[in-house]
Amino acid sequence: MIVTAEISEVRLTRWAAPAATWGLVPTMGYLHEGHLSLVRRARAENDRLAASIYVNPTQFAPHEDLATYPRDLARDLALLEAEGVDLVFTPGDEVMYPAGFQTYVQVEQLTRPLEGASRPTHFRGVTTVVAKLFNVIQPTRAYFGQKDAQQSVVIRRMAADLNFNVEVIVCPIVREADGLAMSSRNARLTPEQRQQASVLHEALYTAMTALLDGEQDGDALRAIMGQTVQTRSLARLDYASAADPLTLQELSQVRGDVLFSLAVFFGNVRLIDNLLVTR
Ligand code: AMP
């Protein structure tokens, strides 16, 4: 496994086997089974496999958790090596954003609601870094998690709009035994917060059950999620959404497919989760 922070070495490795198909799994590290599910699928579907580990500062607002984001590069590299990854790109900020950097990629409408409403500068950072990774590595296929549902929609849009020659593949959410979606940020929860954090999953399933029992009113479904979250003393709801899965606009009536999604604070740890119901 080649591990490098240098763009030139990535390109040399990538183009040493130009006819091979390459998969890419972009990550911010502190890997868990959610990340590894993407790695395994990508390993099975491509001749060669690249992963990136980079905690991208441009997708964090100044008050967010960039400084405390968990990191363990040695452990991450051992996990990736065990999965048969060929190339790991671990750039520093000076490689990704050298002095004079001033070009950003911005997807418009799709980045405004949901995560974008709470984190207005987030997706500009995400699409910029993913566009750079696509240009540096030039993967045949890139793998993202449904855990970050809006991110997947935004990246698909970007890849189509900017004609990236990359197939964007979205993989299912991997959960803990109590339903909590795996996330690097879960490591920052206290034991009591961790115990209550299964409420995100519970709220999503409560809304789905209500929908299947005939409740189609968007406001009522959003309220059900909010009320479920409020049953936990340490949880503070950021948003609860029942949106169109393609446009991400809130639905007043749910007649077809719906993306239920949530963001909840436990202290200063912000967790997200979602459930896509297709009918
Ligand atoms: P991150 O390191 O949080 O930026 O995540 C890297 C990739 O892994 C993103 O495409 C995430 O959506 C995906 N991912 C994170 N957590 C999970 C999970 N629990 N299940 C599936 N994919 C995930």
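Guide: Two strands count as paired if DSSP finds at least two bridges between them, and the elements themselves are DSSP runs numbered from the N terminus, with helices (H or I) of at least four residues and strands (E) of at least two. The model in front of us is predicted, so its local features need pLDDT of at least 70 and its side-chain atom pairs pLDDT 80 or more, while totals for chains, interfaces and linings use all residues. Residues are numbered from 1 along each chain as its sequence is written, and side-chain values use heavy atoms, with hydrogens and water left out.

Visitor: What makes β8 and β9 a pair?

Guide: Nine bridges join β8 to β9, and since a pair needs at least two, the condition is met; the two strands run antiparallel. One of the positions involved is Phe-265, whose bridge partner in β9 is Arg-270.

Visitor: In which order do the strands of this open sheet stand, and why are β7 and β9 called edge strands?

Guide: The order is β7-β8-β9, with antiparallel pairing. Since β7 and β9 (269-277) each have a single partner strand, one side of each is left without a neighbour in the sheet, and they therefore stand at the edges. Neighbouring strands here are turned by 15 degrees against each other on average, direction ignored, where axes are lines fitted to C-alpha atoms (for helices over the stretch in contact) and angles run from 0 to 180 degrees between N-to-C directions.

Visitor: How many strands form the parallel sheet, and which of them stand at its edges?

Guide: Six strands form that open sheet, in the order β1-β4-β3-β2-β5-β6. The edges belong to β1 (2-4) and β6, because each has a single partner strand and so keeps one side without a neighbour in the sheet. The twist in this sheet averages 20 degrees from one strand to the next.

Visitor: How do you know that β5 pairs with β2 and with β6?

Guide: β2 and β5 share two bridges in the parallel sense, which satisfies the requirement of at least two bridges, and β5 and β6 pair, also parallel, over five bridges. Gly-23 stands opposite Arg-141 in β5, and Phe-144 has Val-170 in β6 as its bridge partner.

Visitor: Why is β5 described as largely enclosed?

Guide: Five of the five residues of β5 are buried, so the strand is largely enclosed by the rest of the structure; buried means under 20% relative accessible area, exposed over 50%, and partly exposed in between (1.4 Å probe, protein chains only). Both faces are covered, with Arg-141, Tyr-143 and Gly-145 buried on one side and Ala-142 and Phe-144 on the other.

Visitor: Which class, buried, partly exposed or exposed, does Thr-27 fall into, and which does Ile-2?

Guide: Thr-27 lies in strand β2, and at 10% relative accessibility Thr-27 counts as buried. Ile-2, in strand β1, has a relative accessible area of 33% and is therefore partly exposed.

Visitor: What makes Asn-163 and Leu-248 worth a look in terms of phi?

Guide: Most residues other than glycine have a negative phi. Asn-163, however, has a phi near 55 degrees, and Leu-248 has a positive phi of about 65 degrees. Asn-163 sits in the loop between α7 (149-161) and β6 (167-171), and with 65% relative accessibility Asn-163 is classed as exposed. Leu-248 belongs to the loop between β7 (235-243) and β8 (258-266), and its relative accessible area of 0% makes Leu-248 buried.

Visitor: How many residues surround the ligand, and which are the closest?

Guide: There are 17, the closest being Met-28, His-35, Asp-148, Val-174 and Met-182; a residue is near a molecule if one of its heavy atoms lies within 4 Å of it. Nine of the shell residues are nonpolar, six polar and two charged, where Ala, Val, Leu, Ile, Met, Phe, Trp, Tyr, Cys and Pro count as nonpolar, Asp, Glu, Lys and Arg as charged, and the others, Gly among them, as polar.

Visitor: What makes the approach of His-35 to the ligand a polar contact?

Guide: A polar contact is a pair of N or O atoms within 3.5 Å (within protein, one must be able to donate a hydrogen and the other to accept it, and residues adjacent in sequence count only if both atoms are side-chain atoms). A polar side-chain atom of His-35 lies 2.8 Å from a ligand oxygen, and a side-chain N or O atom of Asp-148 is 2.6 Å from an oxygen atom of the ligand. A polar backbone atom of Val-174 stands 2.9 Å from a ligand nitrogen. Of the 480 Å² that the ligand exposes when taken alone, the protein buries 92%, with areas from the Shrake-Rupley method and a 1.4 Å probe, only the protein chains shown counting as cover for residues.
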